[in-house]
Amino acid sequence: MKFSTDIWVAALIRRAELGGGHVVVVHKGDARAGSVLVKTLNRSDGRVRLFAEATRADGETVWMRPSLTEKEDEIDAYISKARRIDADLWVVEVEDRQGRHFLTEDVEED
């Protein structure tokens with residue numbers, strides 16, 4: 001991220017709200033340099049996905065799915081484990097009827 005984490009999260013919230021989504025910050029981490037997990041919930045079809053920021057071998061930032069499950073309890077268990085490991089972690093939940101994540105950076109879905 002090129003911005004501090006709190007500013008980046010605020011921008012994600014704004015994009016989602018403008019697009020008709022709803023966002024909840026489940027856990028605030030370090031405001032300046034915390035990592036972020038984005039959990040998306042599509043209430044129309046029940047799909048739940050998780051995205052995490054990663055760096056490719058070429059140095060580019062990308063969002064990827066650290067857990068390919070779409071079961072909410074398994075994703076929540078992954079998040080709980082990640083929070084125990086990283087106290088600075090942010091957890092953001094995005095609820096959208098279309099299941100959009102509202103990330104503007106590159107996203108690798110698989």
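**Sheet, cores and cavity of the predicted model**

L89 lies in the loop between α2 and β5, in a structure that is a predicted model. With a relative accessible area of 5%, L89 is buried, because the cut-off for that term is under 20%. L89 is also one of the residues of a nonpolar core of 10 residues, which lies apart from the largest one and includes L41, V48 and A52 as well. The C-alpha atom of L89 is separated by 16 Å from that of S67, a residue 22 positions away along the chain.

The strands are arranged in an open sheet of six, in the order β1-β5-β2-β3-β4-β6, and their pairing is mixed. The edges of this sheet are occupied by β1 (22–27) and β6, each of which has a single partner strand, so that one side of each is left without a neighbour in the sheet. Within the sheet, β2 and β3 run antiparallel and are joined by six bridges, and in this pair L41 stands opposite V48 of β3. L41 and V48 are also both members of the core of 10 residues.

On from β3, the pairing continues to β4 (residues 61–64), which runs antiparallel to β3 and is joined to it by four bridges. One of the residues concerned is E53, whose bridge partner in β4 is W63. The two strands β3 and β4 form a hairpin with five residues between them, and in the turn G59 adopts a positive phi of about 90 degrees. By contrast with this antiparallel pairing, β4 and β6 (residues 107–108) run parallel and are joined by two bridges, with M64 having E108 of β6 as its bridge partner.

The largest nonpolar core comprises 14 residues, and those with the most contacts inside it are W8, L12, V36, V38, W63, V92 and L103. Two or more residues are given to this core by each of α1 (5–18), β2 (36–42) and β5 (90–95), and the largest share, four residues, comes from α1. W63 thus appears both among the core residues with the most contacts and as the bridge partner of E53 in the pairing of β3 with β4.

A single cavity of 30 Å³ or more is held by the structure, and the space in the largest cavity amounts to about 40 Å³. The lining of the largest cavity is formed by T40, L41, N42, R47, V48, R49 and G99, with β2 and β3 (47–55) as the elements that give two or more residues to it. When sorted by class, this lining consists of two nonpolar, three polar and two charged residues. L41 and V48, which stand opposite each other in the pairing of β2 with β3, are both found in the lining.

A further buried position is found at T69, which is placed in the loop between β4 and α2 (72–85). The relative accessible area of T69 is 16%, which means that this residue counts as buried under the 20% cut-off. The side chain of T69 is joined to the side chain of E74 by a polar contact of 2.7 Å. Buried residues are thus found in both of the loops described here, with T69 in the loop between β4 and α2 and L89 in the loop between α2 and β5.

Conventions: Residues are numbered from 1 along each chain as its sequence is written. This is a predicted model: local features need pLDDT of at least 70, side-chain atom pairs count only at pLDDT 80 or more; totals for chains, interfaces and linings use all residues. Side-chain values use heavy atoms; hydrogens and water are left out. A nonpolar core is a set of buried Ala, Val, Leu, Ile, Met, Phe, Trp, Tyr and Cys residues joined through side-chain atoms within 4.5 Å. Buried means under 20% relative accessible area, exposed over 50%, partly exposed in between (1.4 Å probe, protein chains only). On a 1 Å grid over the protein atoms alone, a cavity is a set of points where a 1.4 Å probe fits but cannot get out, and a pocket is an open set with protein on both sides within 12 Å along at least five of seven lines; lining residues have an atom within 4 Å of a point. Grid points are joined across faces, edges and corners, and a volume is the space filled by probe spheres set on the points. Ala, Val, Leu, Ile, Met, Phe, Trp, Tyr, Cys and Pro count as nonpolar, Asp, Glu, Lys and Arg as charged, and the others, Gly among them, as polar. Two strands pair if DSSP finds at least two bridges between them. A polar contact is a pair of N or O atoms within 3.5 Å; within protein, one must be able to donate a hydrogen and the other to accept it, and residues adjacent in sequence count only if both atoms are side-chain atoms.
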